[in-house]
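These are my notebook entries on one structure. I looked up charged side-chain pairs and then the nonpolar core.

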Amino acid sequence: FSLGGPVIKDKLFYFINFETEQRSDQSSSYVAQNSSNVGNTNTSRVLESDLQQVSSILKSRFDYDTGPYQGFTLDQKSYKWLFKLDWNISNNHRLSFTYNGLDASKDKPAHPSAIGRRGPDYTTLQFANSGYQIVNRLHSFGTELRSNFGSTFANKLRVVYTRFRDKRNPFSEPFPVVNITKNGVRYIIAGHEPFSINNRLNQDAFQVTNNFNMFFNKHTVTVGASFESFKFGNSFNLTGYGPSIFNDIDINKFITEGPGGGNVVVGAY
């Protein structure tokens, strides 16, 4: 919606705009295989019984909640807004102030191909808590002053400050990445998403520009100055929780011997 009008007739005006978009999508078109859906086009090779056992083992031995393996949604929300004031100070001076913002989030599954196949697809399925949420927040403030000095001189001063805050919210509690194979191919993905541990990107931008124009018969001369300041803070931790050695464990060994069975390290970052 949008709304605008005068605060003071012919003097001070406002404008407000707000937009939102919200949607939910199924996490995957593939479902786990059981006795009732064998041969269907959207049935994965991953057995529902294997997913249930993996989830049960991780819960009973480590009190780790994998979340569901199907039937959950990935949500997306976006809120955008704009507020503007225009002030006719006099016939020669006009001041405007603008503030716009964004607050958005998007749920994502574990990356489908980084550090090997991770699905969800016909070959590999993953649990809900192996995913993460991307969060984007923006606040921008701008002020502009336009001034005329007769018909010969004019000045425009513009000041803008923008604040960006981007981060990821993992669905998982701290836990190693767990990659389970079957017949040498990735089969079930559980545990923490390895690229979303303390993942932050903070940006601050400050800009000031002033231009002074001089108008002559056939020429315009502009004298100005500009100052820009950009600050960045980036945090990214790929080491993750658990051993730094990355391995896969076969589904049969996982079920019979459990995580860390024998000399095998559960696939973990």
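**Entry 1: Charged pairs**

I began with Glu-144, which counts as buried at 13% relative accessibility. I note that the model is a predicted one. The cut-off for buried is under 20% relative accessible area, so the value for Glu-144 falls inside that class.

I then looked up the partner of Glu-144. Arg-146 forms a salt bridge with Glu-144, and their closest N and O atoms are 2.9 Å apart. Arg-146 has a relative accessible area of 44% and is partly exposed.

I next turned to a pair that involves Asp-248. The side chain of Asp-248 meets that of Arg-186 in a salt bridge, with 2.9 Å from N to O. I located Asp-248 in the loop between β13 (220–237) and β14 (249–250), and Arg-186 in strand β11 (residues 185–191), so this pair ties together parts that are 62 residues apart in sequence. For exposure, I recorded Asp-248 as partly exposed at 33% relative accessible area, whereas Arg-186 counts as buried at 8%.

I also checked for shared partners. Salt bridges with partners in common join Glu-144, Arg-146 and Arg-158 into one network.

I looked up a further pair, Asp-25 and Arg-23. Their side chains meet in a salt bridge at 2.8 Å, N to O. Asp-25 is partly exposed with a relative accessible area of 30%, and Arg-23 is partly exposed with 42%.

For the model as a whole, I recorded a count of 10 salt bridges. As general background, side chains of opposite charge can pair when their charged atoms come close.

**Entry 2: The nonpolar core**

Which residues of the largest nonpolar core touch the most other members? I found that they are Leu-51, Val-54, Leu-58, Phe-127, Ile-180, Ile-188 and Phe-254, out of 19 residues in this core. I then asked which elements give two or more residues to the core. These are α1 (48–62), β10 (177–182), β11 and α2 (251–257). The element that gives the most is α1, with 4 residues.

I followed one of the well-connected members, Val-54. Setting aside neighbours within four places in sequence, I found Val-54 in contact with Phe-127, Ile-180, Ile-188, Ile-251 and Phe-254.

I add one general remark: in soluble globular proteins, nonpolar side chains tend to be buried together.

**Entry 3: Cross-reference**

I note that β11 appears in both entries. This strand holds Arg-186, the salt-bridge partner of Asp-248, and β11 is also among the elements that give two or more residues to the largest nonpolar core.

Methods: Residues are numbered from 1 along each chain as its sequence is written. This is a predicted model: local features need pLDDT of at least 70, side-chain atom pairs count only at pLDDT 80 or more; totals for chains, interfaces and linings use all residues. Side-chain values use heavy atoms; hydrogens and water are left out. A salt bridge is a side-chain nitrogen of Lys or Arg within 4 Å of a carboxyl oxygen of Asp or Glu. Buried means under 20% relative accessible area, exposed over 50%, partly exposed in between (1.4 Å probe, protein chains only). A nonpolar core is a set of buried Ala, Val, Leu, Ile, Met, Phe, Trp, Tyr and Cys residues joined through side-chain atoms within 4.5 Å. Contact means heavy atoms within 4.5 Å.
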